[in-house]
Amino acid sequence: MTDYEMICHESKKLSSEEQARVLEYIQRIQNEKGGGKTESEKPEHCPRCGGSSVIRFGHKRGKQRFCCKDCGGVFMASSGTIMENSHYDEKVWSEAVADTLDGFVSIDKTAERLGVSHDAVFHMRHKILMFMEERGKAFPVCLKGISELDETYVLESLKGRKFTENASRNPRKHGEKASQRGISNEQVCIMTGVERNGGCAYAVTLNRARPSVEEIKAAFQGHMTTGCVAFTDGLKGYGHLEEVVDCVIESVDKQEQKNAGTANLNNVNNFHSYIHERYSHYRGVATRYINRYNTLFSTVYRAKESLTNIADAILHNVSAHVFSCWDVRHTALVTI
Ligand SMILES: [Zn+2]
């Protein structure tokens, strides 16, 4: 058996999550070889066709250009990566990635630290988040074993938008409370799940106020493995998950929670605190971008792979679709 055959054979024994990690590892070493770390280093492979007959081909805006003799494609070292068409070099990008993964650094702070405009950092930040969101779709979080499910709420935010005269409400100042008490339509719901014992975390927004049965099903279907047991609060909708996922839902009443036995929601509550802490540092997140931040928090909270690996994938993975500044403001928005 050749090495290749042996690896193929052995990889069947891995779980789908482990297989995804192997794929990512291979992608990384390919990128290290071919993606080119600096502008002047010649990539070994063409990002278009994968051919290896790459030659230097003059400069564009002071950056080295390359040409593939196989497909005739002309490209830069950053072509196909998140840095494509950017005026900023990898140094600036890697700082923007580090600040994003940190979760405590606002766009303003990064802009000030790097001496770059707010707008430029805004676009970098959101391209990074969109890359992570795409990656999250390719390798979805799947809760297994014993988990806890619950929802948390943040105030709707129209951050970055001008209020029109016929807006449904007046603008709020930073830190101001909702005009209605309790859970209302001003509250955006973040449905979350966390595995016990240090496992993965998941967060998504599909609705305002309390989630319906259908919204709960839509949020968690495909994100829970067969046979898992999930503790939830008293909200009725969670029980209906048993109709679409082969799982067991255990409702936790307040008294039991206080006794802090097995039936508690401590893990998911900690995840909620983590999310709210970051919101206060960001001074809110515009609701239309909320799922980008949900993906960030799901990825970084209890990250299974090192942040260095995640940062490396963001910077160097060649994607089929590179997001433009237009995409940032117009695609994959939350409209609820
Ligand atoms: Zn080519």
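In this predicted model, a good place to begin is Ser147, whose bridge partner in strand β7 is Ala230. This pair belongs to the connection between strand β4, residues 146–155, and strand β7, residues 229–232, which run parallel and are joined by four bridges.

Strand β4 also pairs with strand β5, residues 187–195, and here the two strands run antiparallel, with nine bridges between them. Among the pairs of residues involved, Glu151 has Met191 as its bridge partner in β5, while Thr152 has Ile190 as its partner in β5. In general, the strands of a sheet pair through backbone hydrogen bonds, and this pairing can be either parallel or antiparallel.

Seen as a whole, the sheet is open and consists of five strands in the order β6-β5-β4-β7-β8, with mixed pairing. Strands β6 (201–204) and β8 (248–251) stand at the edges and have a single partner strand each, so one side of each is left without a neighbour in the sheet. On average, and with direction ignored, neighbouring strands of this sheet are turned by 25° against each other.

Turning now to the helices, the axes of α4, residues 107–114, and α5, residues 118–138, come within 9 Å and cross at roughly 120°, which means that α4 is oblique to α5. The crossing of these two helices is right-handed. On the side of α4 the contact is made by Ile107, Asp108, Thr110 and Ala111, and on the side of α5 by His118, Val121, Phe122 and Arg125. Sorted by character, the residues of this contact between α4 and α5 are four nonpolar, two polar and two charged.

Technical notes:
Residues numbered from 1 in each chain as written. Predicted model: local features only at pLDDT ≥ 70, side-chain atom pairs only at ≥ 80, totals over all residues. Axes fitted to C-alpha atoms, helices over the stretch in contact; angles between N-to-C directions. Parallel < 35°, antiparallel > 145°, perpendicular 65-115°, else oblique. Left-handed = near helix turned anticlockwise from the far one by under 90°. Contact = placed C-beta atoms within 7 Å. Nonpolar A, V, L, I, M, F, W, Y, C, P; charged D, E, K, R; others polar. Pairing = 2+ DSSP bridges.
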